[in-house]
Amino acid sequence: MKARVLVARNVRRIRVERGISQEKLAYEAGIDRSYLGSLERQLKNPTIDVLGRIAETLSVHVSEFFVLPSKRVRTPKTFLKGRHPPRQRRRQSVLRD
């Protein structure tokens, strides 16, 4: 597993387990929320300094971000309080003459 994928999954897992929103974690770690979202989606490659600030904010050691998940554990996809999954679009019936 690539390091970027491993870090992204673990940051999200720990954040969701603690019930912290991306906004709150980003604010307390001193990083932009969109950057944190990109990190969790594996689009950004964080520096050690950024990982250190995130780890400190989550009260974990940086090494927790590099722990391999067991095969049974999946990345949490739960939505935090106030968040809802995207709505599916309704099919619009087409009236034909």
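This report walks through the fold, the helices, the core and a few backbone details of a predicted model.

## The overall picture

The protein chain has 4 helices and 0 strands. Reading along the sequence, the pattern is simply α-α-α-α. The chain runs to 97 residues, and 31% of them count as buried.

Two totals help to set the scene. Take the contacts in the chain with a separation of 6 or more: residues 24 or more positions apart account for 62% of them. As for surface, about 8,000 Å² is exposed, with carbon and sulfur atoms supplying 49% of that area.

## Helix 1

Helix 1 covers residues 3–17, and its length checks out: at 1.5 Å a residue, its 15 residues should span 21 Å, and the end C-alpha atoms are indeed 21 Å apart. The list of buried residues here is Val5, Leu6, Val7, Ala8, Asn10, Val11, Arg13, Ile14, Arg15 and Val16. Note that Asn10, Arg13 and Arg15 are in that list along with the nonpolar side chains.

What do the buried residues of helix 1 pack against? Their partners are helix 2 (22–29), helix 3 (33–40) and helix 4 (48–58). Just after helix 1 comes Gly19, with a positive phi of about 70 degrees.

## Helix 2 and its buried glutamine

In helix 2, the buried residues are Gln22, Leu25, Ala26 and Ala29. They sit on the same side of the helix, because they cover an arc of only 95 degrees around the axis. The general rule behind such a pattern is that an α-helix has 3.6 residues a turn, so residues three or four places apart point the same way. The buried residues of helix 2 pack against helix 1, helix 3 and helix 4. Gly30 follows helix 2, and its phi is positive, near 75 degrees.

Gln22 deserves its own look. This residue belongs to helix 2, and at 17% relative accessibility it counts as buried, because the cut-off for that class is under 20%. Which side chain does the side chain of Gln22 meet in a polar contact? That partner is Glu40, at 2.8 Å. Leaving aside neighbours within four places in sequence, Gln22 is in contact with Arg15, Arg33, Leu36, Gly37 and Glu40.

## Helix 4, inside and out

Helix 4 has Val50, Leu51, Ile54, Ala55 and Leu58 as its buried residues. These lie on the same side of helix 4, since the arc they cover around the axis is only 135 degrees. On the other side of the helix, Ile48, Asp49 and Glu56 are exposed. So one nonpolar residue, Ile48, is among the exposed ones there.

The buried residues of helix 4 pack against helix 1, helix 2 and helix 3. The buried residues of helix 1 have helix 4 among their partners, and those of helix 2 do too.

## The nonpolar core

How many residues does the largest nonpolar core have? It has 17, and those with the most contacts inside it are Val11, Ile31, Leu36, Ile54, Leu58 and Phe65. Helix 1, helix 2, helix 3 and helix 4 are the elements that give two or more residues to this core. Helix 4 gives the most, with 5 residues.

Leu36 makes a handy vantage point on this core. Setting aside its neighbours within four places in sequence, it is in contact with Val11, Gln22, Leu25, Ala26, Ile31 and Ile54. Val11 is one of the buried residues of helix 1, Leu25 and Ala26 are buried in helix 2, and Ile54 is buried in helix 4.

## Positive phi away from glycine

Two residues stand out if you scan the backbone angles. Gln42 has a positive phi of about 70 degrees although it is not a glycine. Its place is in the loop between helix 3 and helix 4. Is Gln42 buried, exposed or partly exposed? With a relative accessible area of 31%, Gln42 is partly exposed.

The other one is Ser59, also not a glycine, with a positive phi near 60 degrees. Ser59 is found in the segment after helix 4. At 62% relative accessibility, Ser59 counts as exposed, because that class starts at over 50%.

Technical notes: Residues numbered from 1 in each chain as written. Predicted model: local features only at pLDDT ≥ 70, side-chain atom pairs only at ≥ 80, totals over all residues. Heavy atoms only, no water. Expected span 1.5 Å × (residues − 1). Buried < 20%, exposed > 50% of the residue type's maximum accessible area, 1.4 Å probe, protein only. Contact = heavy atoms within 4.5 Å. Core = buried A, V, L, I, M, F, W, Y, C linked by side-chain atoms within 4.5 Å. Arc of directions from axis to C-beta. Polar contact = N/O pair within 3.5 Å; in protein donor to acceptor, adjacent residues only side chain to side chain. Areas by Shrake-Rupley, 256 points an atom, 1.4 Å probe, with all protein chains shown as cover.
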